[in-house]
Each structure stands twice: as C-alpha cells, then as structure tokens.
Amino acid sequence: MWLHSVLLPLLRLYLCGIKVLVYQMFNRSFTLPVLPKQNGRVAIVTGGTRGMGLETARHLASLGMHVIIVGIEKEEGRAAVRMIQEDKNAGKAEFVYVDLTSLKSVRQFAHTFRSRGLSLHVLVNNAGTMLVPERQTEDGFEFHFCLNYLGHFLLTNLLLDILKKSGKHGQCSRIVNMSSATHYSGIMLMNDLNRRKCYSSHGAYAQSKLALVLFTYYLQEQMTAGGFPVTVNAVDPGMVDTALYDNLWSLAQAAKKPVAKILFRTPAEGAAVTIYAAAAAEMEGVGSCYLYNGEKRRSADVSYDSELQAELWEKSCQLVGLK
C-alpha cells in the first residue's frame with residue numbers, strides 16, 4: 001500500500017522534473033512576441049503578489065489592463081500594486097484579499113466583484129502550492145486539491161456569466177489555468193479526492209494539476225457548444241525558480257539550489273506562456289490548448305478522457321455546492 005500510494009507518486013513526479021530539466025538544458029526559454037494593447041480590459045490574477053503571478057499581473061497592466069491581484073499576502077499585495085503603479089503608462093492595479101482554500105472567501109469575493117459592475121476579460125488561475133504536508137482546509141478538502149484546483153473551479157464558475165458577457169466574437173474573454181508537467185504523472189482518485197487513505201503530497205500535487213487540465217478541456221467544450229465568446233487554455237511554465245519549491249525535502253532542497261541557478265527559468269520567463277495565452281493576438285479564439293514554452297503540446301492521454309472530464313466536473317459541482 002505504501003509503495004503504491006507514496007513511493008510511486010514520488011518517483012513519477014521527480015522523473016517528470018528530470019525530463020523538464022533536460023528539455024530546459026537544451027532549449028531556450030520562450031520569448032514573448034509584441035502584444036496588442038489591452039486598454040479598457042479587466043483581468044483577475046490569482047496568486048499575483050509574487051513570482052510568476054506578479055510578473056503576469058505586471059505585464060498585463062503594462063499593456064493597459066485594469067488588473068485585480070487576488071491573494072492572501074496583504075503586504076505583498078500592496079507592494080505589488082505600488083510597483084505596478086510606478087509605471088505611469090500602466091493600467092490600474094489593485095489588490096483584493098481572497099483565500100482560495102475557503103469556499104466562503106471565494107464566494108464573498110465573487111459577490112463583491114459582481115456588485116461593482118465591472119467587465120471581466122481575462123481570468124488567470126495562477127495561485128498554487130506544492131508538496132505541502134498532509135493538511136485539510138476549513139471545508140475539509142485536501143489542501144493541494146482545494147488551493148490549486150477546487151477554489152479556482154468555484155471562482156471561475158461564479159464569474160463565468162460576466163466572462164461570457166464581456167467577450168465578443170473576435171475579442172473573446174480568456175481563462176488561463178496554471179497546470180504543470182507533473183500532471184503527466186497524476187492519477188484522478190475519484191473515490192478519494194482528499195487522499196485520506198494513504199497521503200502522498202507528490203500524488204496530491206500531481207492530481208490537482210491533472211484536474212486543471214481536465215477542467216480546461218471540459219469547460220472549453222461547454223463554451224464552444226453554447227457559442228459563448230470565451231476561450232479556456234492550460235499552461236505549463238516549466239521549472240521556475242520560485243517559492244513553490246520551499247516544501248522540498250531537505251536533501252532535495254540542497255540539490256535544487258545549484259541546479260536552479262543554471263537550469264530553472266526565472267519567474268518572468270515562466271510567466272511568458274501565461275501572458276501569451278492571456279493577451280497574444282495569435283491566441284484569439286483559440287481554446288483547449290495545453291501550452292508549453294509557447295507551443296501547443298499534447299497533454300497526458302487521460303486528460304482527453306471525456307467521461308473522466310464530465311465525472312470530475314459533476315463531482316466538483318457537488319463539492320462546492322453548485323447546481
């Protein structure tokens with residue numbers, strides 16, 4: 001039981017990491033093309049106070065967008081807003097406290113946002129955590145599953161009607177979900193999404209990133225079927241030198257430091273594919289993509305399982321209380 005539930009997920013995840021590092025050793029980081037101005041458009045970036053989220057928020061604001069940074073670090077959030085506002089040509093930036101591990105907090109934010117009467121043209125579901133020791137949220141969910149996926153699932157659904165109304169054909173609203181190469185090693189345990197039987201932080205993280213890809217494809221199918229001007233894509237930033245790796249084991253942490261300096265992407269490089277999905281002219285009207293290093297790639301075979309996509313959607317609706 002321990003071998004299958006704990007050791008194998010660990011080995012699969014680290015194997016994914018090695019493959020990514022080998023790729024980054026021989027391939028340059030994706031360079032953003034010139035992006036069109038986004039004046040008057042509104043974006044929400046979760047986890048936008050640091051790392052790739054901050055770089056994404058900063059770049060979207062530099063294009064003229066009104067960027068709402070969502071997160072739990074209030075001081076970092078205010079500092080991020082000040083940094084963005086130092087660019088006199090940037091659009092508006094603001095920080096709003098939201099705890100994505102709390103369904104109540106997500107609902108409160110969505111309610112407040114809706115009451116402002118703002119449009120919403122870009123939703124970047126960027127916030128995430130990795131390899132956290134076993135921990136439950138206030139609603140009783142496994143921490144990775146809730147923060148990385150379920151909180152974003154609820155947030156997206158609560159704001160979906162605004163995204164539909166804000167988009168138009170030829171200028172669609174865009175949803176960008178932050179996945180990871182670790183989704184290739186993920187296994188959806190539909191009968192134990194909270195992974196209570198035999199906890200593995202590696203398995204929990206990979207499962208949450210696979211859930212985001214399944215969610216991406218199913219939601220895009222719904223948008224296309226309904227004729228709504230909304231595109232949904234998943235992005236993979238590669239291995240990026242951010243605080244996401246702070247929960248590595250001591251030995252892995254020591255080994256990571258020298259490797260990161262040489263082979264890891266910077267937060268700005270990692271954010272490039274997210275910014276591309278959110279604002280590039282080439283991505284207008286394009287959905288259901290898994291983007292890595294600026295290119296469309298094939299995601300894990302299981303992510304194309306339409307029955308699994310539908311099952312996860314239905315289960316997620318039940319968990320967050322959506323019809």
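These legends go with a set of close-up views of a predicted model.

**Close-up 1. Arginine 50 and glutamate 76 meet in a salt bridge.**
Start with the link between the side chains of arginine 50 and glutamate 76, where N and O are 3.0 Å apart. Arginine 50 sits in the loop that runs between β1 (42–46) and α2 (51–62), while glutamate 76 belongs to helix α3 (residues 74–85), so this pair ties together parts 26 residues apart in sequence. Arginine 50 comes out as partly exposed, at 40% relative accessibility. Glutamate 76 is partly exposed too, with a relative accessible area of 28%. For the wider tally, the structure holds 8 salt bridges.

**Close-up 2. Arginine 58 pairs with glutamate 55 in helix α2.**
Here the salt bridge is between arginine 58 and glutamate 55, and their closest N and O atoms are 3.1 Å apart. The two residues are 3 apart in helix α2, so about one helical turn separates them. Arginine 58 is partly exposed, at 34% relative accessibility.

**Close-up 3. A salt bridge joins arginine 114 to aspartate 161.**
The N to O distance between these two side chains, arginine 114 and aspartate 161, is 2.7 Å. This one links distant parts of the chain: arginine 114 is in helix α4 (residues 103–116) and aspartate 161 in helix α5 (residues 143–166), 47 residues apart. Arginine 114 is partly exposed, with 39% relative accessible area. Aspartate 161 is also partly exposed, and its value is 26%.

**Close-up 4. Strand β2 is mostly covered.**
Zoom in on β2 (residues 66–71) and you find 6 of its 6 residues buried. His66, Ile68 and Val70 point one way, and Val67, Ile69 and Gly71 point the other way. That pattern has a simple background: in a regular strand, side chains alternate between the two faces of the sheet. In β2, the residues on either side are all buried.

**Close-up 5. β2 pairs with β1 and runs parallel to it.**
Count 5 bridges joining β1 to β2. One to look for is at threonine 46, whose bridge partner in β2 is valine 70. To get from β1 to β2 the chain passes through α2, and this β-α-β crossover is right-handed.

**Close-up 6. β2 also pairs with β3, again in parallel.**
Now follow β2 to strand β3 (residues 93–97), where 5 bridges join the two. Valine 67 stands opposite alanine 93 in β3. Further along, valine 70 faces valine 96 of β3. Together, β2, α3 and β3 make up a right-handed β-α-β unit.

**Close-up 7. Lysine 74 in helix α3 is in contact with Phe95 and Tyr97.**
This view picks up lysine 74, a residue of helix α3. Lysine 74 counts as partly exposed, at 45% relative accessibility. Setting aside neighbours within four places in sequence, its contacts are Phe95 and Tyr97. If you want a far-off reference point, take isoleucine 275: from lysine 74 it is 201 residues away in sequence and 24 Å away in space, C-alpha to C-alpha.

**Close-up 8. Serine 303 is a buried loop residue.**
Which loop are we in? Serine 303 lies between β8 (295–297) and α9 (306–320). With a relative accessible area of 0%, serine 303 is buried, since anything under 20% counts as buried. Leave out residues up to four places away in sequence, and serine 303 touches Leu210, Val213, Leu214, Tyr217 and Gln309.

**Close-up 9. Ile18, Val22, Met25 and Phe26 form a nonpolar patch on the surface.**
Together, these four side chains, Ile18, Val22, Met25 and Phe26, account for about 430 Å² of accessible area. Take methionine 25 as the residue to look at here: methionine 25 lies in helix α1 (residues 2–26). Methionine 25 is partly exposed, at 46% relative accessibility.

Conventions. Residues numbered from 1 in each chain as written. Predicted model: local features only at pLDDT ≥ 70, side-chain atom pairs only at ≥ 80, totals over all residues. Heavy atoms only, no water. Helix = DSSP H or I, 4+ residues; strand = E, 2+ residues; numbered from the N terminus. Buried < 20%, exposed > 50% of the residue type's maximum accessible area, 1.4 Å probe, protein only. Pairing = 2+ DSSP bridges. Right-handed = clockwise from strand over helix to strand, strands pointing away. Contact = heavy atoms within 4.5 Å. Patch = residues over 30% accessible without salt bridge, like charges linked within 9 Å, V, L, I, M, F, W, Y side chains within 5 Å. Areas by Shrake-Rupley, 256 points an atom, 1.4 Å probe, with all protein chains shown as cover.
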